[in-house]
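Here are some comments on the model you sent, set out as numbered points. They deal with charged pairs at the start and with nonpolar packing after that.

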Amino acid sequence: MITVATAECFTLGKIGTTIHKIASGYEECKNHKYYNIINGNVKIISSSFIPSIEGAEKLLNLKHPLPKCDYEYNYSKAYTEKNDLKVAYMLAKGLKNTLNCNIAIATTAGVGRGGICIISDKNEYLFTTDIEGDLISKKNIVQRQKNGIDKTINKFVEILKKNIFYKKIYFIIFCIYGYIWLSFCEYISNIKLLTPNLLILPL
């Protein structure tokens with residue numbers, strides 16, 4: 001089972017909640033296009049909505065403090081797109097280190113397209129949404145949120161498929177080696193059974 005955790009801001013915890021519902025087999029999600037991929041293969045161990053700097057730093061045990069906000073906003077951290085990408089990476093890294101999950105997902109967005117980071121056991125992915133938004137003026141924030149959720153889940157499933165594929169390959173290789181080893185052991189046993197006992201006569 002692949003373990004997943006999320007630390008979300010502008011996506012309001014909806015990425016983790018969606019994945020959890022599909023993985024758990026909620027009736028409302030059984031027709032989801034990714035149901036057969038996620039269900040039975042994934043386990044959400046934590047899904048968090050963390051809008052503040054203080055919350056992120058304390059909950060995720062970050063090694064370094066988050067950057068000071070680029071914009072004055074009372075309800076959550078607010079950065080430029082460049083800093084959103086930096087912060088998303090810091091959140092995902094802290095989440096993965098703290099929970100030791102297979103895949104960590106983090107999102108944050110102030111002004112711009114936002115920042116999204118997915119860190120797996122093998123790779124790191126850093127990207128933005130496709131929608132320019134502004135948390136301060138509230139311009140396009142709903143559209144940006146929806147795009148961010150969809151884009152992140154799509155990327156997550158792409159990563160998940162690779163993980164499942166490699167696990168299947170490793171299992172097949174393990175079975176092949178196991179079969180070869182058992183066949184070899186059986187061959188050696190048969191040789192021992194067929195080899196006559198040699199009598200050593202005294203001179």
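1. Lys146 has a relative accessible area of 55% and is therefore exposed, the cut-off for that class being over 50%. Please keep in mind throughout that this is a predicted model, so that every value quoted here is computed from predicted coordinates.

2. The partner of Lys146 is Asp150, and the two form a salt bridge in which the closest N and O atoms are 3.0 Å apart. Both residues belong to helix α5, where a spacing of four residues places them about one turn of the helix apart. Asp150, at 36% relative accessibility, counts as partly exposed, whereas Lys146 is exposed.

3. A salt bridge also joins the side chains of Lys151 and Asp130, with an N to O distance of 2.8 Å. This pair links distant parts of the chain, since Lys151 sits in helix α5 (residues 141–194) while Asp130 lies in the loop between β6 (124–127) and β7 (133–134), 21 residues apart. Lys151 has a relative accessibility of 26% and is classed as partly exposed.

4. In the salt bridge between Lys30 and Glu27, the closest N and O atoms are 3.4 Å apart. Glu27 is exposed, its relative accessible area being 63%, while Lys30, at 39%, is partly exposed. The structure holds eight salt bridges, among them the pairs described in these points. As general background, side chains of opposite charge can pair when their charged atoms come close.

5. Turning to the interior, which residues have the most contacts inside the largest nonpolar core? They are Val4, Ile19, Ile38, Val42, Ile103, Ile105 and Phe156, within a core of 27 residues. Two or more residues are given to this core by each of β1 (2–8), α1 (14–24), α2 (35–38), β2 (42–49), β3 (103–108), β5 (115–119), β6 and α5. Helix α5 supplies the largest share, six residues.

6. Val42 illustrates how this packing draws on separate stretches of sequence: leaving aside residues up to four places away, Val42 touches Met1, Ile2, Val4, Ile19, Ala23, Phe156 and Leu160. Apart from the largest core lies another, of 20 residues, including Tyr79, Leu95, Ala104 and Cys117. In soluble globular proteins, nonpolar side chains tend to be buried together.

Terms used. Residues are numbered from 1 along each chain as its sequence is written. This is a predicted model: local features need pLDDT of at least 70, side-chain atom pairs count only at pLDDT 80 or more; totals for chains, interfaces and linings use all residues. Side-chain values use heavy atoms; hydrogens and water are left out. A salt bridge is a side-chain nitrogen of Lys or Arg within 4 Å of a carboxyl oxygen of Asp or Glu. Buried means under 20% relative accessible area, exposed over 50%, partly exposed in between (1.4 Å probe, protein chains only). A nonpolar core is a set of buried Ala, Val, Leu, Ile, Met, Phe, Trp, Tyr and Cys residues joined through side-chain atoms within 4.5 Å. Contact means heavy atoms within 4.5 Å.
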